[in-house]
Amino acid sequence: MSSEQEPGYLGLAPYLYYTDATAALAWLTRVFGFTEEVRFEDASGEVFQATLCAGPGRVQLAGVGPEYWTAKGAEGPVGQLNIVYVTDVDAQYERVRSALGEEFEPEPPQDQPYGARVFTVADLGGNSWTFWQQTSDTVELPSGWREVRPEDREEHQAEH
């Protein structure tokens, strides 16, 4: 028995930076249907931090100005890809498309060779959001590629 204790993970939440967290909070709740758990506002009523929920998952967001990035020696946030697992990607697509109206027409969901049906939308802060519905456990890999799981590596190491 190992003396190392397993971490007691309770979840994982992206922490996203926005120039205007108030606008980002409004956009994410209106367009994606995320629900607001809590927001923290400054004296002028602007959001500087908030927690949103996407089902049981949480998303943290923060508003930071150019002085924050200057102190870090960067021009600003780069953005990231966030995957949101959904039960019905086509229904989520219709919700997002309807909420965006004339603002933007996202590409419709497409079936992927890794057993998922997905579509992706960029938010007003440059972060990408892929809505993902798992449709199959079958993965179609390109020629020469293979799927390797931890137990496969252990078997391979035992052979050598």
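Let's start at one residue: Glu94 has a relative accessible area of 40%, which makes it partly exposed. Keep in mind that this is a predicted model. Glu94 has a partner, too: its side chain meets that of Arg97 in a salt bridge, 3.0 Å from N to O. Arg97 is also partly exposed, at 32% relative accessibility. Both residues belong to helix α3 (residues 89-100), where they sit three residues apart, about one turn of the helix.

**Salt bridges**

How many salt bridges does the count come to? The count is nine. Another of them joins the side chains of Glu37 and Arg58, at 2.8 Å from N to O. Glu37 is part of strand β2 (residues 35-41) and Arg58 is part of strand β4 (residues 57-63), so this pair ties together parts that are 21 residues apart in sequence. Glu37 is partly exposed, at 41% relative accessible area, and Arg58 is partly exposed as well, at 40%.

Then there is Arg39, which forms a salt bridge with Glu41; their closest N and O atoms are 3.3 Å apart. Arg39 is partly exposed at 33% relative accessibility, and Glu41 is partly exposed at 42%. Salt bridges with shared partners link Glu36, Arg39 and Glu41 into one network.

Here are the three described pairs side by side:

| Salt bridge | N to O distance |
|---|---|
| Glu37 and Arg58 | 2.8 Å |
| Arg97 and Glu94 | 3.0 Å |
| Arg39 and Glu41 | 3.3 Å |

**One sheet**

Now for the strands. Four of them make an open sheet with mixed pairing, and the order is β1-β4-β3-β2. The edges are taken by β1 (15-18) and β2, each with a single partner strand, so each has one side without a neighbour in the sheet. From one strand to the next, the twist averages 20°.

Look at β1 and β4 in this sheet: they run parallel and are joined by four bridges. Along this pairing, Tyr18 stands opposite Gly63 in β4. Helix α1 (residues 21-32) lies across β1, β2, β3 (47-54) and β4, and runs at about 15° to β3.

**Another sheet**

Four strands also form an open sheet in the order β5-β8-β7-β6, again with mixed pairing. Which strands stand at its edges? They are β5 (81-85) and β6 (110-112); each has a single partner strand, so one side of each is left without a neighbour in the sheet. Ignoring direction, neighbouring strands here are turned by 35° against each other on average.

β5 and β8 are a parallel pair with five bridges, and Val84 stands opposite Phe131 in β8. This sheet has a helix lying across part of it: α3 crosses β7 and β8, running at about 20° to β7.

**Where the helices meet**

The helices α1 and α3 also pack against each other, with an angle of about 125° and axes 7 Å apart. The two are therefore oblique to each other. On the α1 side, the contact is made by Trp27, Thr29, Arg30, Val31 and Phe32. On the α3 side, Gln92, Arg95, Val96, Ala99 and Leu100 make the contact.

**The nonpolar core**

In soluble globular proteins, nonpolar side chains tend to be buried together. In this model, the largest nonpolar core holds 25 residues, and Leu28, Phe32, Leu61 and Trp129 touch the most other members. At least two residues come from each of β1, α1, β3, β4, α3, β7 (116-122) and β8 (128-134). Which element gives the most? That is α1, with seven residues.

Let's zoom in on Leu28, found in helix α1. Is Leu28 buried or exposed? Leu28 is buried, with a relative accessible area of 0%. Apart from neighbours within four places in sequence, Leu28 is in contact with Tyr18, Gly33, Phe34, Leu52, Leu61, Asp123 and Trp129. Take Leu52: in sequence it is 24 residues from Leu28, while the C-alpha atoms of the two are 8.6 Å apart.

Leu61 has its own set of contacts. Not counting residues up to four places away in sequence, Leu61 touches ten listed partners, including Leu16, Tyr18, Ala21, Leu25 and Leu28. Val47, Phe48, Gln49, Ala50 and Leu52 are also touched by Leu61.

How values were computed: Residues are numbered from 1 along each chain as its sequence is written. This is a predicted model: local features need pLDDT of at least 70, side-chain atom pairs count only at pLDDT 80 or more; totals for chains, interfaces and linings use all residues. Side-chain values use heavy atoms; hydrogens and water are left out. A salt bridge is a side-chain nitrogen of Lys or Arg within 4 Å of a carboxyl oxygen of Asp or Glu. Buried means under 20% relative accessible area, exposed over 50%, partly exposed in between (1.4 Å probe, protein chains only). Two strands pair if DSSP finds at least two bridges between them. Axes are lines fitted to C-alpha atoms, for helices over the stretch in contact, and angles run from 0 to 180 degrees between N-to-C directions. Contact means heavy atoms within 4.5 Å. A nonpolar core is a set of buried Ala, Val, Leu, Ile, Met, Phe, Trp, Tyr and Cys residues joined through side-chain atoms within 4.5 Å. Angles under 35 degrees count as roughly parallel, over 145 as roughly antiparallel, 65 to 115 as roughly perpendicular and the rest as oblique.
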